[in-house]
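I pulled up a new model today and kept a running notebook. These are the things I looked up, roughly in the order I got to them.

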Amino acid sequence: MMLSNQKSDNEIDVYDIKASLQYTQTSDFVYQEISLSLPLGQVTCLLGQSGCGKSSLLKQLVGLHREAYVADLSIQNTKTDSLLRADFQQNVAYMAQQDLLLPWLSVLDNVLLTFDLNRLFFSKKSQHNTVLKEKALSILEQVGMRENANSKVFTLSGGMRQRVALARTLIQDKAIILMDEPFSSVDAITRHKLQQLSSSLFINKTVLLVTHDPLEALIMGHNLLLFPLASCAKSTLKNERPSVVALEKLPKPNSLPPRVIGDDLSHFHARLMQKMQAQL
Amino acid sequence: MSTGLYRIFVTFLFLLLVWWLLVYITEVPSFILPAPEAVFVRFWQLRDVLYPHLLVTLTEIVFGILIGVLAGLVFAMLMVYFKPVRLWLLPVLLVSQAIPVFAIAPVLVLWFGYGLVSKVVMAAVIIFFPILMTSFDGLRQSSKAYLDLAQSMQASSWKILLRIQLPAALPIMASGIRMAMVVAPIGAIIGEWVGSSQGLGYFMLYANARMQVADMFAALLLLCLLSTFLYFVADQCLKRAIFWQQDTTQ
């Protein structure tokens, strides 16, 4: 299968992405002709100032086209050199900043939401399907929420809710996971736990994680990219076709994620902070 | 709950006392305002007479609410779903609300006859707009982030409407439904006033014409109890249906 991957010694399969996004009404660009590569089976962290358009890029990759935008997107696989956009978007699971759990469903039903939304009318409800239920319970087990499977969502704490959201993302069994600052709303300790947990669960998944926290990127990322500021991501002359701007790769430790916070990491942390401040 | 009942009881007694004092201080003739005890006596004496009228009015109200809520909901869904419907229909509906429902009651009776149907239509028409607007607002205001999530799961827009937007709209729709519960009886009663041969509205008009004001008040009392009961039932059902919303006024 195209999306399965084995990490060979020196050459990793990569998605090459080129994207532009433009407001329909004003024809202003959110970003123009930016390019980035996503190595398959690895976690890529996308750092950037808030408001620079990194969330928009993520949504564009998920395929959430709004009427307000003109979107231009191409996704290629370096090895097969084929256009993959539809294929890519079929294989995406999306996790947003908010947990987005539906309050009228139990924890289990929230995890099963994706099956429920794609269920045909008159077919068996997914919560009565033993195979799916077992699958959901085992994933809830992995995120440490099995005991709460039948709880009402509003009884859970913020960290627990994010765990359920993580389970809901994982159960979709997609090769690609796109995450938009998923742990930014929980406290530092919970965040650290969630980072370690999700890192351990993302084996062989291609992950693009948008974050504004350099430390989070350093803990979780195989690769770190810096999103340019809005003013740099678009050309000033409207008629001129701009050259493609590749996102800058940021320095990172040689060790593999999930990395432990320590002296090594704080050295890189300081460097990343400098880089990001220099953007302003 | 028990304190709620206690409050209702105290309020009721207080109002009775005011009524009683009013009658005895002003010595108003009983064909203008009968004393409360006279009304209660008539209420009890007329229980077998009032009962069939109550059933008729209740049927009109219940069917009116069912049809009004369903129609309001369907139109709201169409308006959310199809932009042309929203753009063309909404102004028409807004303007239609400028026509007083009471003014078209005779026409409705003319069109739908003296029987049940014209009253059901009346009750449905009078609640249609509050239901439509609250449903429309509720469906429209569902958070974009939830829709994004559902879309990322490749869900059809029909599924998103049923599984996400509709439940999410329920708290806002609930206000419309609660309002409908107390407004729908007005529609049914107006319908009965314009032309009917049974129902509490008919009975009130009949008693009024014969100067049997105590009888009229007895029917009015029954109507109040009916409306309150309907509201209470709806409120309890809605509270159970929207269990995830916390009541912050408590």
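Below are my entries, grouped by what I was looking for.

**Entry 1: before anything else**

I reminded myself that this is a predicted model. Every number I jot down is computed from it.

**Entry 2: the second largest pocket**

I started with empty space. Rolling a probe the size of a water molecule over the atoms shows where such space is left. I looked up the second largest pocket, and its volume comes out at about 600 Å³. Which residues sit closest to its centre? I got B:Leu5, B:Ile8, B:Leu225, B:Thr228 and B:Phe229, out of 17 lining residues. Two elements of chain B give two or more residues to that lining, namely α1 (2-26) and α10 (213-241). Of the contributors, α10(B) gives the most, with nine residues. I also split the lining by class: 12 residues are nonpolar, four are polar and one is charged.

**Entry 3: sheets in chain A**

Next I went through the strands. Strands of a sheet pair through backbone hydrogen bonds, either parallel or antiparallel. I found an open sheet of four strands in chain A, ordered β4-β1-β2-β9, and its pairing is mixed. Its edges are β4 (69-77) and β9 (245-246) of chain A, each pairing on one side only. Inside that order I checked β1 (residues 14-23) against β2 (residues 29-39) of chain A: they run antiparallel and eight bridges join them. For one register point, I noted that A:Asp16 has A:Ser37 in β2(A) as its bridge partner.

Then I turned to β5 (residues 92-95) of chain A. Which way do its side chains point? A:Val92 and A:Tyr94 go one way, A:Ala93 and A:Met95 go the other way, and all are buried. I see four bridges from β5(A) to β6 (residues 176-180) of chain A, and these two strands run parallel. A:Val92 has A:Ile176 as its bridge partner in β6(A).

**Entry 4: aromatic pairs**

I ran a ring search over all chains and got 11 aromatic pairs. I wrote down A:Phe154 with B:Phe243: the ring centres are 6.1 Å apart and the planes are at 50 degrees, so I logged the pair as tilted. Where do the two rings sit? A:Phe154 is in the loop between α5 (130-142) and α6 (158-170) of chain A, while B:Phe243 is in the segment after α10 of chain B, so this pair joins two chains. Both rings are partly exposed: A:Phe154 has 32% relative accessibility, and B:Phe243 has 31%.

My second pick was B:Trp19 with B:Phe217, also tilted, with 5.8 Å centre to centre and 35 degrees between the planes. This pair links distant parts of the chain: B:Trp19 is in helix α1 and B:Phe217 in helix α10 of chain B, 198 residues apart. Buried or exposed? B:Trp19 and B:Phe217 are buried.

I went back to the first pair and followed its neighbours. Ring pairs link A:Trp104, A:Phe154, B:Phe243 and B:Trp244 into a cluster.

**Entry 5: charges over rings**

B:Phe243 came up again here. The charged end of A:Lys152 sits over its ring, 5.1 Å from the centre. I also noted B:Arg47 over the face of B:Trp44, at 4.1 Å from the ring centre.

**Entry 6: backbone oddities**

Most residues other than glycine have a negative phi, and most peptide bonds are trans. I went looking for exceptions.

- A:Pro257 and A:Pro258 are joined by a cis peptide bond, with omega about 0 degrees. I placed A:Pro258 in the loop between β10 (248-249) and α9 (263-279) of chain A.
- A:Asp173 has a positive phi of about 55 degrees and is not a glycine. I found A:Asp173 in the loop between α6 and β6 of chain A, and its relative accessible area of 52% makes it exposed.
- B:Gln154 has a positive phi too, near 65 degrees. B:Gln154 lies in the loop between α7 (144-152) and α8 (157-194) of chain B, and at 36% relative accessible area I put it down as partly exposed.

**Entry 7: one distance**

Last, I checked A:Val131, which is in helix α5 of chain A. A:Val131 is exposed, with a relative accessible area of 62%. How far apart are A:Val131 and A:Val70 in space? I got 41 Å, C-alpha to C-alpha, for two residues 61 apart in sequence.

Definitions and conventions:
Residues numbered from 1 in each chain as written. Chains lettered and ligands numbered in written order. Predicted model: local features only at pLDDT ≥ 70, side-chain atom pairs only at ≥ 80, totals over all residues. Heavy atoms only, no water. 1 Å grid on protein atoms, 1.4 Å probe; cavity = no way out; pocket = protein on both sides within 12 Å on 5 of 7 lines; lining within 4 Å. Points joined across faces, edges and corners; volume = space filled by probe spheres on them. Nonpolar A, V, L, I, M, F, W, Y, C, P; charged D, E, K, R; others polar. Pairing = 2+ DSSP bridges. Phe/Tyr/Trp six-rings, centres within 6.5 Å; stacked < 30°, edge-to-face > 60°. Buried < 20%, exposed > 50% of the residue type's maximum accessible area, 1.4 Å probe, protein only. Lys NZ or Arg CZ within 6 Å of the ring centre and 35° of its normal.
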